[in-house]
Number of protein chains: 2
Amino acid sequence: MSQDRQDHTRSDEPSRLAAIVSKIFAGQSGNITLSTSLSDDTATALVAGADAQDDCAVFRMTGTQELVVGSDYVRGPKFRLYELGLLNDYDVGYYLVAANVSDIAAMGARPIGIVTVVRYPPDMTDVTFAQVMCGIRDACQRFSAPNVGGDIGGAERLILSATALGVCLPGHALFRHGARPGDVVCLTGPTGIAGAAMSYFRSGTRSALIEEKHREHLLASWARPNARVREGVCLGDSGVVTSCQDTSDGLKAAVESIATASGVGVVIDERRLPVAAEVSAVCECLDLPVLPLMFGDSVDFELVFSVPPDRLTLLTELFAADGLRFQAIGEATAAPEVVLRQLDGRQVPLPGTAWRHQADPTVSTAT
Amino acid sequence: MSQDRQDHTRSDEPSRLAAIVSKIFAGQSGNITLSTSLSDDTATALVAGADAQDDCAVFRMTGTQELVVGSDYVRGPKFRLYELGLLNDYDVGYYLVAANVSDIAAMGARPIGIVTVVRYPPDMTDVTFAQVMCGIRDACQRFSAPNVGGDIGGAERLILSATALGVCLPGHALFRHGARPGDVVCLTGPTGIAGAAMSYFRSGTRSALIEEKHREHLLASWARPNARVREGVCLGDSGVVTSCQDTSDGLKAAVESIATASGVGVVIDERRLPVAAEVSAVCECLDLPVLPLMFGDSVDFELVFSVPPDRLTLLTELFAADGLRFQAIGEATAAPEVVLRQLDGRQVPLPGTAWRHQADPTVSTAT
């Protein structure tokens, strides 16, 4: 990063994380031991900090726990369905919780609570404010993560942010790194539904061009998103999973960041990819190709993870015992490329565009 | 709270906390045990949740720790000195950390880390963004609370929020409740400096009407605020303190909320109150009374706490051993009134106005 005050570079989020944040906070992980002054029993060690660039930070606590902590702000320029009047205040409160507990799930931890920041505009009535808080409460109940506190107060507009906390057994936190060549790459459910919802509703197609049940499922992907909390706990407890990330930035972004962090390539097998009926319906209705929607900028909160092939059966059984399932969709490779093996056998780069904050082509990128 | 959709009541923050938030999240504290499915060793219990309405939530972890978690959003309508150009982007990053670790200090816990949400407007350059992050980093270093992660990305304007984490020994977390009649009420340092700074700089008095060193101290109360982290750790470790709160909403608000939560009254003794030279200087310069500034809406991050009289000497010695000090300023009483005993012996209500978000007299209050 240049220190020149005349430098007007405005990088996007991934570039700032890589070029600025990771440098400023370099060397934290594994090197910080905290709170040792009282006694050795209360020593807390930072396993993964800001430099780890993962979904959450991880602390090694005393006793039999690691603490996992992640923070997500949700009301950005992406919340178009709220502005279109398709989501209400209850829904955005609900969404705030789902987005935050998804980060805990992606670390293989079980949520223990969430703290929420709810700042409201001067014209927000008590009734509307209570709707936001009820959305938060109900999502917390669904995901077994009580809202334990936070900060409320005024602002120019509704601002929603939160921090989720989770615990796992020592050494069981799952990171983006850790996948090894030969590992099976898996997915907890079909992707592209939230992106398809955005395409459908923003197209102005509110009439019944698709079946009502599909329309309901599309809207539910934003109004009642399902964070894969039970699946995340199962992955973490199993002790056999080598890497994990959620698909909140899209399937392409999730697979590519696991590959980059792990130093492996990935081959995704098109014929093994689960396709949601709603995504097919929207693509048919709007004459869109399916694969870019499934891989691209779609906030689905599914989990992508890797597991050694000789542990795949064990993990499948552990999932089944909890009434859960996942789908093997590909394989990690020693070759560094991340590709899709199409139905015709040809390998191509993953389709779709990963979500990037400020993905403005006029914005220069830091060098 | 009325469920009538025609109800346009817009209550202020304390009313919403009392009438809406505390009801929606009623009955959490002491009644939630989390993550028991793995084994009893990993059970985590919620000691204080959103219903406790304290500075932080408290979890009982396994091992020898309680986990303390609090969240503060800082860029509200109050950040006038930034808009006046007296604070820069580094300063507001620094402030974000100080405000958040102060909540940990107020719980008697030692910080172990902070997660930060930094959302920036499209025109913020990499240089300016890095200044915010460097302010965060340097404050984290000062208060021994590493910035371990969070969320960065775009927004319409700069939005800063954070969550601080701390640990203390089981049962050692300090709450607003717990003060008993006869307890000595104490303060870690003079209050009113941040409020005096606001009065001084907003008056347009930028020329040297007060001594340069006073001007510097006034600005430093916002640019380099000192969260009382070492004092908070000392209070928590001591095991003799019965209640604690920081003065981030002003001294009057802190004393009154300890009194209300504890079911006691408080008599503050004017002759024992520490007066900062800068506050006197500003009051003289602007012809303002001193006491309303010292008690009112001034974000000083000092700690107010109570201690039984027979433990006062022990606590003073523990502080002195760490090179720290505090000031006894009054006493908790069985009579419920919270009053100031003036120099002339008369008792009057505490002067000053406590900070209230949206303290707009045109806004109706919930009944």
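Student: Hi! How many of the seven residues of strand β12 (residues 327–333) of chain A are buried?

Tutor: Five of the seven are buried, so to speak of strand β12 of chain A as mostly covered is fair. Buried means under 20% relative accessible area, exposed means over 50%, and partly exposed is in between, with a 1.4 Å probe and protein chains only. Helices (H or I, at least four residues) and strands (E, at least two) are DSSP runs, numbered from the N terminus.

Student: What am I looking at, and how is it numbered?

Tutor: This is a predicted model, where local features need pLDDT of at least 70, side-chain atom pairs count only at pLDDT 80 or more, and totals for chains, interfaces and linings use all residues. Residues are numbered from 1 along each chain as its sequence is written, chains are lettered from A and ligands numbered from 1 in the order in which they are written, and side-chain values use heavy atoms, with hydrogens and water left out.

Student: Thanks. Which strands pair with β12(A)?

Tutor: Strand β8 (residues 184–187) of chain A pairs with β12(A) in the antiparallel sense, over four bridges. Strand β10 (residues 265–269) of chain A is also antiparallel to β12(A) and joined to it by four bridges. Two strands count as paired if DSSP finds at least two bridges between them.

Student: Which residues of β12(A) stand opposite A:L187 and A:V266?

Tutor: A:L187 faces A:Q327, and A:V266 has A:A332 as its bridge partner.

Student: Switching to chain B: why is strand β11 (residues 303–307) described as largely enclosed?

Tutor: Because five of its five residues are buried. B:L303, B:F305 and B:V307 point one way from β11(B), while B:V304 and B:S306 point the other way.

Student: And which strands pair with β11(B)?

Tutor: Strand β8 (residues 184–187) of chain B is joined to β11(B) by four bridges and runs antiparallel to it. In that pairing, B:V184 is the bridge partner of B:V307. Strand β9 (residues 243–246) of chain B is antiparallel to β11(B) too, again over four bridges, and there B:D246 stands opposite B:L303.

Student: How many salt bridges are there in the whole structure?

Tutor: A search over all chains finds 29. The term stands for a side-chain nitrogen of Lys or Arg within 4 Å of a carboxyl oxygen of Asp or Glu. In general, side chains of opposite charge can pair when their charged atoms come close.

Student: Can you show me one in chain A?

Tutor: Sure: the side chains of A:R341 and A:D269 meet at 3.5 Å, N to O. A:R341 lies in strand β13 (residues 338–341) and A:D269 in strand β10, so the pair ties together parts of chain A that are 72 residues apart in sequence.

Student: Are those two buried or exposed?

Tutor: A:R341 is partly exposed, at 32% relative accessible area, whereas A:D269 counts as buried at 5%.

Student: What about B:R228: which residues does it form salt bridges with?

Tutor: B:E231 is one partner, at 3.1 Å, N to O. B:E302 is another, with the closest N and O atoms 2.8 Å apart. B:E302 lies in the loop between α10 (290–295) and β11, and B:R228 in the loop between α6 (212–223) and α7 (229–238), so this pair ties together parts of chain B that are 74 residues apart in sequence. Both B:E302 and B:R228 are buried, and B:E231 is buried as well.

Student: Now the two chains together. How many residues does each give to the contact?

Tutor: Chain B gives 88 residues and chain A gives 88, where contact means heavy atoms within 4.5 Å. The chains bury about 7,100 Å² between them, 63% of it on carbon and sulfur atoms. Buried area here is the accessible area (1.4 Å probe) that two parts lose on being put together, summed over both.

Student: Any salt bridges across?

Tutor: The count between chain B and chain A is four. A:E156 forms a salt bridge with B:R157, with the closest N and O atoms 2.4 Å apart.

Student: Last one: what turn lays chain B on chain A?

Tutor: A turn of 180° with a shift of 0.0 Å along the axis, giving an RMSD of 0.0 Å. That is the relation of a two-fold axis. The copies are superposed by least squares on the C-alpha atoms of residues with pLDDT of at least 70 in both. B:G63 is the residue of chain B that comes closest to the rotation axis, at 1.8 Å (C-alpha).
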